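Here are a few exercises to help you find your way around a new structure. Grab a viewer and try each one before reading its solution.

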Amino acid sequence: MKTSADPVRDYLSAVGREATALPADRRQELLADLAEHIEVTRAERPDAAIGQILAELGDPRTIAATALAEAGNGAPGWGGAEPGAPVRRGKVHPLVPLLMLALAPPLAMLLSGTPGVVLVFAFRLTGAVLLCTSVHWTAVQKTTGILLTLVVPIALATTWNLVSGHAAAEIPALLANLGSLALIAGTAAWLWRVRRA
């Protein structure tokens, strides 16, 4: 039986083969994280055999299946997604929730009265749901997006309305609205830039 001269390279190659359904950038990130972990463990425990370190990391198939499941691409079950299987794509283009969240404030400025408020609320809520259910962002990115495009602007608007008759009357409402709009637009642009293909 032939033994490898570089078990780490063989291990990382096996993980790479098992994770072919991941997007290339995510697969490279996974392999870089594993390589770094192996290097740090070897430095911390120089007496440990490389085979023991690799065994502690786990089976390459299991690592790949876990990464696929976290990315939303893995099929449930023992083996994860089949190599070469099509990557799961979102049903809604990633631009749709971003536009819905970013265009809600200008729409609110144009529409007044109860029907306008209800329409803008539905528009924002739909954008938030589409963002949360999208496969294009990680959970942390989704949470940050919801906080900065929905929760913070609504909290600021509510605070503004509660104190507008007091000390905040000096601050022009237009500047507050423009600040919220800039926050929402900046967050939408950031989400567009960090999206997964």
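The exercises below look at confidence, two helix pairs and one residue.

**Exercise 1. Find out how confident the predictor is in this protein, and where confidence is highest and lowest.**

Solution. Keep in mind that this is a predicted model.
- Start with the whole protein: its mean pLDDT is 79, and 82% of its residues reach 70 or more.
- Next, go to the elements. Helix α1 (residues 7-18) has the highest confidence, at 90, while α7 has the lowest, at a mean of 83.
- Finally, look at residues 73-88, where pLDDT stays under 50. The model has 25 contacts beyond four places in sequence for that stretch, so to speak on paper.

**Exercise 2. Work out how α6 and α7 are oriented to each other.**

Solution.
- Take the numbers: helix α6 (residues 113-132) and α7 pack with their axes 9 Å apart, at an angle of about 165 degrees.
- Angles over 145 degrees count as roughly antiparallel, and therefore α6 and α7 are roughly antiparallel to each other.
- Check the hand: the crossing of α6 and α7 is left-handed.
- Now see who meets whom. From α6 come Arg124, Ala128, Leu131 and Cys132, and they meet α7 residues including Lys142, Gly145, Ile146 and Thr149.
- Sort the contact by class, and you get seven nonpolar, two polar and two charged residues.

**Exercise 3. Do the same for α1 and α4: which residues meet, and at what angle do the axes cross?**

Solution.
- The axes of α1 and helix α4 (residues 60-70) cross at roughly 45 degrees and come within 8 Å.
- That angle makes α1 oblique to α4.
- As for the hand, α1 passes α4 in a right-handed crossing.
- On the α1 side you'll find Tyr11, Ala14, Val15 and Glu18; on the α4 side, Pro60, Arg61, Ile63, Ala64 and Leu68.
- By class, this contact of α1 with α4 has seven nonpolar, no polar and two charged residues.

**Exercise 4. Is glutamine 141 buried or exposed?**

Solution.
- Locate the residue first: glutamine 141 is found in helix α7 (residues 139-163).
- Read off its relative accessibility, which is 16%.
- Buried means under 20%, so glutamine 141 counts as buried.
- To see what surrounds this residue, set aside its neighbours within four places in sequence: glutamine 141 is then in contact with Trp190, Leu191 and Val194.

Technical notes. Residues numbered from 1 in each chain as written. Predicted model: local features only at pLDDT ≥ 70, side-chain atom pairs only at ≥ 80, totals over all residues. Heavy atoms only, no water. Helix = DSSP H or I, 4+ residues; strand = E, 2+ residues; numbered from the N terminus. Buried < 20%, exposed > 50% of the residue type's maximum accessible area, 1.4 Å probe, protein only. Contact = heavy atoms within 4.5 Å. pLDDT = per-residue confidence, 0-100. Axes fitted to C-alpha atoms, helices over the stretch in contact; angles between N-to-C directions. Parallel < 35°, antiparallel > 145°, perpendicular 65-115°, else oblique. Left-handed = near helix turned anticlockwise from the far one by under 90°. Nonpolar A, V, L, I, M, F, W, Y, C, P; charged D, E, K, R; others polar.
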